[in-house]
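Notebook open, structure loaded. I want to go through the sheet, then the annotated site, then one loop.

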Amino acid sequence: MNASSSPPLELDCTNRQTRLPVEERPLLEGLRLVLHEAGVRTGAVSLAIVDDPAMHVLNREHLEHDYPTDVLSFLFDRQGEHLEGEIIVSVDTAQSSAADLQIPWAHELLLYVVHGALHLVGHDDHSPAERQAMRAAESHYLAALGVCLPSLPEPQE
């Protein structure tokens, strides 16, 4: 490898729950699409799929919130085209929310991955304007992946 080349972007998915079968390929495609369009070319991002009890523990440890949530994202490093981070999504929350919205839970889970990836590349959703921009970006990426949700729910972050 010469000095101008960098290692490629590495994406890893770990399914840490056993209640529902999860197809990892679409989740990794969504993650890769968001990162690619944000100019990320190198680095490593791990995606963990967990259940609500595991998410509850993580949310309490890292954000001091005593409840499970849909998605957590952690940016470890971002320098130009290089990014390192982690996204954790709850399959239980996806299934519950999807039932309420009458959509496939796999689409809801993909939304969580896209949402987490958008946080990694700099999107935020604290103000109304930021939330609106986040929703527009989520809709853009989901449509590019062939998923159209009737109305995107507010994240539980």
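Before counting any pairs, I wrote down the rule: two strands pair if DSSP finds at least two bridges between them. I also noted that what I have here is a predicted model.

**Entry 1: the sheet**

With that rule in hand, I looked up strand 1 and strand 2 (residues 42-50), and found seven bridges joining them, with the two running parallel. For one pair of facing residues, I picked E10, which stands opposite A44 in strand 2.

Next I wanted the whole layout. The sheet is open, has four strands in the order 1-2-4-3, and its pairing is mixed. Which strands are at the edges? I got strand 1 (9-15) and strand 3 (71-79), each of which pairs on one side only. From one strand to the next, the twist averages 5°.

**Entry 2: helices on the sheet**

I checked what packs on the sheet. Helix 1 (residues 24-37) does, and it touches strand 1, strand 2 and strand 4 (82-90). I noted an angle of about 145° between the direction of helix 1 and that of strand 1. Helix 4 lies across strand 2, strand 3 and strand 4, and I have it running at about 150° to strand 4.

**Entry 3: the annotated site**

I pulled the UniProt record, an unreviewed entry, and it puts a "binding site" feature at H115, H119 and D125. I followed up two of these, H115 and D125.

H115 is in helix 4 (residues 105-120). Is H115 buried or exposed? The relative accessible area of H115 is 2%, and the cut-off for buried is under 20%, so H115 is buried.

D125 is in the loop between helix 4 and helix 5 (128-144). D125 comes out at 8% relative accessibility, so I logged D125 as buried too. What joins the side chains of D125 and H115? I found a polar contact of 3.2 Å.

**Entry 4: the D66 loop**

Last stop was D66, in the loop between helix 2 (52-63) and strand 3. D66 has 54% relative accessibility, so it goes down as exposed.

Which residues does D66 touch, leaving out those up to four places away in sequence? My list reads H56 and R60. H56 is 10 residues from D66 along the chain, and their C-alpha atoms are 6.6 Å apart. The side chains of D66 and H56 make a polar contact of 2.8 Å. I also found a side-chain polar contact from D66 to R60, at 2.9 Å.

Definitions and conventions. Residues numbered from 1 in each chain as written. Predicted model: local features only at pLDDT ≥ 70, side-chain atom pairs only at ≥ 80, totals over all residues. Heavy atoms only, no water. UniProt positions renumbered as here; feature names shortened; annotations may be inferred. Buried < 20%, exposed > 50% of the residue type's maximum accessible area, 1.4 Å probe, protein only. Polar contact = N/O pair within 3.5 Å; in protein donor to acceptor, adjacent residues only side chain to side chain. Axes fitted to C-alpha atoms, helices over the stretch in contact; angles between N-to-C directions. Contact = heavy atoms within 4.5 Å.
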